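User: I am new to this structure and would like to learn how to read its features. Please guide me step by step.

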Amino acid sequence: MSEASAPHAADRRELTAAQRNAVAELLRVSPVADELGRRFARAGHELHLVGGSVRDALLGRLGDDLDFCTDAHPDETLRIVRGWAESIWETGREFGTIGCQRDGLRLEITTFRAESYDQVSRNPVVEYGTDLAEDLRRRDFTINAMAVSLPEHRFTDPHGGLDDLAAKVIRTPGTPAESFGDDPLRMLRAARFAAQLRFAVHPDAYAAMTRMAGDLDRITAERIRDEFTKLLCGADPITGLRLLVDTGLAERFLPELTGLKLEIDEHAQHKDVYEHTLTVVSNAVSYETEGPDFVLRMAALMHDVGKPATKAVGSDGRVSFHHHEVVGARLTKARLKALRYPKEITAKVTALVALHLRFYGYGRGEWTDSAVRRYVADAGDLLPRLHKLTRSDCTTRNRRKAAQLAADYDALEERIARIAAEEDLARVRPDLDGNAIMELLGVPPGPVVGQAWKHLKELRLERGPLDRDEAEAELLRWARDEGIVE
């Protein structure tokens, strides 16, 4: 593979020989890329593997999605891939992107762009560019501004991306002010890449993020949501979260996180609730077994956001945050709604925040079997996540106390398992269904059936399973008390 002219080419060649071999290996085992390049060349057009695909190949972590850029416009790209691609999609056509699939690889081919913001609107203005150099210059960071031309395998790196990749630095191709001014979302992307790749943001870019944080207000909630989700699900979300808070970016779309820095926790065991929260997020990550769990991580991040609004100082000087889980759940729901998260995700995260304190008090021996049933019933399918969140929330430095909390939760999980073995805790239902209720009470479908069903469910939670005779007797007793039957 030859290298395009660029500063410090000799140093780069010495530092990155193994990485450049990774690109060659990628192309060797991915003949689809070369085949596609030849099709574009025969049609008189350029094709380059570009951006994140080149970066990830150099890092040895490329997946099945490949990104390309070309001088061909979308109509011409469609003509070239028709009859060759196994499937084609045009969802990104307005941005110059045509997608297709071949041999298990997802390929996205985008016309050279000179994309920028008009400094006022909330959406990018997309204009087609004329050459590869212009396309690379408008990209967000140098590590994403490298290309491999196909089928000749010419490597192009005009902005020193390979050096920055070796140094693990996130830097913009031009000045940070120009880059972030063109698309303010790039500031959030810098924090996201720091979290995903464990890279450091270049000081110039960091300073610009701090100065220009307010420009993030020009970005739609949906675009911010998508970047933040990737950040929180990164390999090192704590680094990304600290960047958001320290640069002022979090204040623009997640002010509850910044607000936690103002609060001292009730046990004075942490510098502030903010530091405790980051520790809880880190703990939650350590409990994951099947990859990043956004719902769990977001619940860990938001679990204490109700504390600033519920802070109280007692006569003995102790700080308390009574019912902060209730306030926190309300704030969490509002924030996720503002960020346009799906209702299902919002409901799950909010429920976990509301439930995260329920366990405390179990160790004092106050919980009956009824309380355990209600704990399981209220958590529903979130119970495994609630277990992880509750354990993650134990960040005390007192080893004896930490061990006691862990032992108490072990005992609770064992108790849940014991009761579950005797009862179907996963699906707590009344002992009589709606049909049986209507038949016994002689009522038609309507509110009375729902009220009776709710009463029987409460009994089920309180006393466990009832046999048929007991359930019918309890239902009739309730109906007489309510004046439904004589």
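Analyst: The discussion below takes up the sheet, the cores and the backbone in turn. Please bear in mind that this is a predicted model.

User: How should a sheet be read, and in what order do the strands lie here?

Analyst: In general, the strands of a sheet pair through backbone hydrogen bonds, and the pairing is either parallel or antiparallel. Here the sheet is open and has seven strands, arranged 3-4-5-2-1-6-7 with mixed pairing. Strand 3 (87–89) and strand 7 (155–156) are the edge strands, each of which pairs on one side only.

User: How many bridges join strand 2 to strand 5?

Analyst: Six bridges join strand 2 (residues 65–70) to strand 5 (residues 105–111), and the two strands run parallel. Within strand 5, L107 is the residue that stands opposite L66.

User: Which strands does helix 3 touch?

Analyst: Helix 3 (residues 31–42) packs on the sheet and touches strand 1 (47–50), strand 2, strand 4 (97–102) and strand 5. The directions of helix 3 and strand 5 make an angle of about 35°. Helix 5 (residues 74–81) lies across strands 2, 3, 4 and 5, and runs at about 10° to strand 4.

User: Which residues have the most contacts inside the largest nonpolar core?

Analyst: That core has 102 residues, and those with the most contacts inside it are F68, F228, L241, L244 and M298. Helix 9 (residues 185–197) supplies the largest share, nine residues. Beyond its neighbours within four places in sequence, M298 is in contact with F228, L232, L254, L336 and V349. Another core, of nine residues, lies apart from this one; I437, L441, W478 and A479 are among its members.

User: What should one look for in the backbone?

Analyst: As a general guide, most residues other than glycine have a negative phi, and most peptide bonds are trans. In this model, the peptide bond from L150 to P151 is cis, with omega near 10°. P151 is found in the loop between strand 6 (147–149) and strand 7.

User: Where does D103 lie, and why does D103 count as exposed?

Analyst: D103 lies in the loop between strand 4 and strand 5. Although not a glycine, D103 has a positive phi of about 50°. D103 counts as exposed because its relative accessibility is 52%, and exposed means over 50%.

User: Where is the place of R340?

Analyst: R340 is in the loop between helix 18 (324–338) and helix 19 (343–355). R340 is not a glycine, yet has a positive phi of about 65°. With a relative accessibility of 46%, R340 counts as partly exposed.

Technical notes. Residues numbered from 1 in each chain as written. Predicted model: local features only at pLDDT ≥ 70, side-chain atom pairs only at ≥ 80, totals over all residues. Heavy atoms only, no water. Pairing = 2+ DSSP bridges. Helix = DSSP H or I, 4+ residues; strand = E, 2+ residues; numbered from the N terminus. Contact = heavy atoms within 4.5 Å. Axes fitted to C-alpha atoms, helices over the stretch in contact; angles between N-to-C directions. Core = buried A, V, L, I, M, F, W, Y, C linked by side-chain atoms within 4.5 Å. Buried < 20%, exposed > 50% of the residue type's maximum accessible area, 1.4 Å probe, protein only.
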